[in-house]
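Biologist: I am new to this protein and would like a close look at a single part of it. Could you pick a stretch, walk me through it, and then show me how other parts look beside it?

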Amino acid sequence: MNFEPEFCSNESEVISKVIVSYLLPELGYPPDSWNKEVRLANIRLDFLTLITPILPFVLNKISPPAIIIEAKHPNENLARYKRKLVRYLVNLNARYGVLTNGKELKIYERNADEEIRLIFECLGREITAKINDIRAILGKTKLTSIPVTRDTDIQQHVNTTNVAGNKKTYIRSASQDSTASDQLSQDITGNKIENAGNKIENDRSKMRVISIYHNKGGVGKTTVSVNLAAALSRKGKRVLLIDMDAQANTTFATGLIKFQFEEDDNIINKYVYQLLESGDSNFIADIARRSDGFNTPEVDVIPSHIDLIVHQDKLTQIAVSRSRLIVKLRQVQDDYDIVIIDTPPSRDLYAEIPLIASNYLIIPSDLKPFANQGLNNVKNFVKQVNEYRESVARDSLVLLGVLPSRISTNSQYLKHTFPRQKKVIHDRHNLPLMESIIYERTALSASVSRTKKEGGLEIPDPKSIFELCEFESTPSAEQSAEDFESLAVEVLNKIGLK
């Protein structure tokens, strides 16, 4: 059979001509061993193939499919759908995934270490010539001799995490290949650090604390904080997310503000202020709560409240309040791998406390003139913080880099303006630029603004970008999720965690 692109003018023809009429029969799969258009919760699959027919049809992690096949329109870019296929492979414990639009065919494999890698690709018109190579990977006889489901596979999908003694079980997402930059991290004074993770702690078991800070608002601090936390949690990391901003945007974004009236406010007596006001009570295990419908798995959150601003003068007069977060985080260092702190766009106490308590700093910036001009203020502020850190025997804060965020996807901007803006970061401000880029897409704002009807009222129902993909798998959402997947990989590499 010939697979010239003109033979497939739409997705239905890719299915009928490439998959059903040729590929599955050539691989040895009779009709009773595969299922078309299977739906399971929010997952819709074009094809599943089973090692042996199972009747009635059962799909779960103990009886996984051997192959998942996704067919796309010939004009679709297959790269857009890689992340969705990865999610399906992990959630369903499948070993192989196939993407094809008739013009191309790609085969991905999930190994025992939860890595998803491209192991074969060819043009559509080359499929007949390379069918033996494809059969050697996906043939029914080949797969029958290889156990797809192993106890270790199942165990690696299941993790437990702890908040105030409560355990939960969740499915862990696959990690992608590292795309971290070889660019050196540095402290805020410009001293190069060959391995950011070695600056403060070499022990991989130690908890890492990362502040997300810029003194200019509107650069995407909260978006970065919540979705980075979500990405790390999906990679099996135990994550604590702390909201230090009185605007409480992180608290809202993680689904913890559901109430409509002041009398129903269930946060005001149990949020980050209580954590800071006393050294003898209100510990993290007492204040932390689970995000609500935000992510799978959910993350632990120390919420904030608009009332936080009222207490600033009182805390400022208590010198020890600056270091209380250090002490309370130390008490839970065995409970979390990573702590993410969303900070206010200011240079006051509520910005100082996170920078004093953190090991690492990420500076999100849209790279526009005001944000870039504000970088000098950020550097000066961090230098002052480092003086205090030195007085309490803490090493200088390690800067992971300036993170381009809220970046336009306009092609002319990316071609002409964006390179010049990035050059300014290094040439004028002597700061490292992170390799990851968070683009401004409609899906990111849509994920936070979601609502649902409950009792006749519109209740906030925000989602992480990853959770949004489960409900609305649009190209915008998938691309944004890939942005944060890349950021999570880069951060893990720079802080010495895998």
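Modeller: Let's start with strand β3, residues 67-71: 5 of its 5 residues are buried, so the strand is largely enclosed by the rest of the structure. Buried means under 20% relative accessible area, while exposed means over 50% and partly exposed lies in between, using a 1.4 Å probe and protein chains only. Strands, like helices, are DSSP runs numbered from the N terminus (E, at least two residues, for strands; H or I, at least four, for helices).

Before going on, please keep in mind that this is a predicted model, where local features need pLDDT of at least 70 and side-chain atom pairs count only at pLDDT 80 or more, although totals for chains, interfaces and linings use all residues. Residues are numbered from 1 along each chain as its sequence is written, and side-chain values use heavy atoms, leaving out hydrogens and water.

Back to β3. I67, I69 and A71 lie on one side and I68 and E70 on the other, and all are buried, which leaves both faces covered. The strand has a parallel partner, β4 (residues 96-100), with 5 bridges between them; two strands pair if DSSP finds at least two bridges between them. Across from I68 in β4 you will find G97. Helix α2 (residues 82-91) joins in too, and with β3 and β4 makes a right-handed β-α-β unit. Right-handed here means that, with the strands pointing away from the viewer, the path from the first strand over the helix to the second runs clockwise.

Another strand to look at beside it is β11, residues 208-212, where 5 of the 5 residues are also buried. R208, I210 and I212 point one way and V209 and S211 the other. β11 runs parallel to β15 (residues 338-342), joined by 5 bridges, with I210 opposite I340. β11 also pairs in the parallel sense with β16 (residues 360-365), over 3 bridges; there, S211 has L361 as its bridge partner.

Now for some helices. In α19 (residues 475-494), 15 of the 20 residues are buried. From first C-alpha to last, α19 reaches 29 Å, close to the 28 Å expected at 1.5 Å a residue; the expected span is 1.5 Å times one less than the number of residues. Just after this helix, G496 takes a positive phi of about 80°.

Helix α16 has a bend: a kink of about 45° lies at T417, shortly before the proline P419. Such a bend is the angle between axes fitted to the seven residues ending at a residue and the seven starting there. The buried residues of α16 are Y413, F418, Q421 and I425, and their cover includes α14, α15 and β17. At the start of α16, a side-chain oxygen of N410 comes within 3.0 Å of the backbone nitrogen of Q412.

To step back, the protein has 19 helices and 20 strands, and 55% of its 498 residues count as buried. Among contacts with a separation of 6 or more, 71% join residues 24 or more positions apart; a contact means heavy atoms within 4.5 Å. With that wider view, you can return to β3 and see it as a strand whose 5 residues are buried, paired in parallel with β4.

Notes:
Polar contact = N/O pair within 3.5 Å; in protein donor to acceptor, adjacent residues only side chain to side chain.
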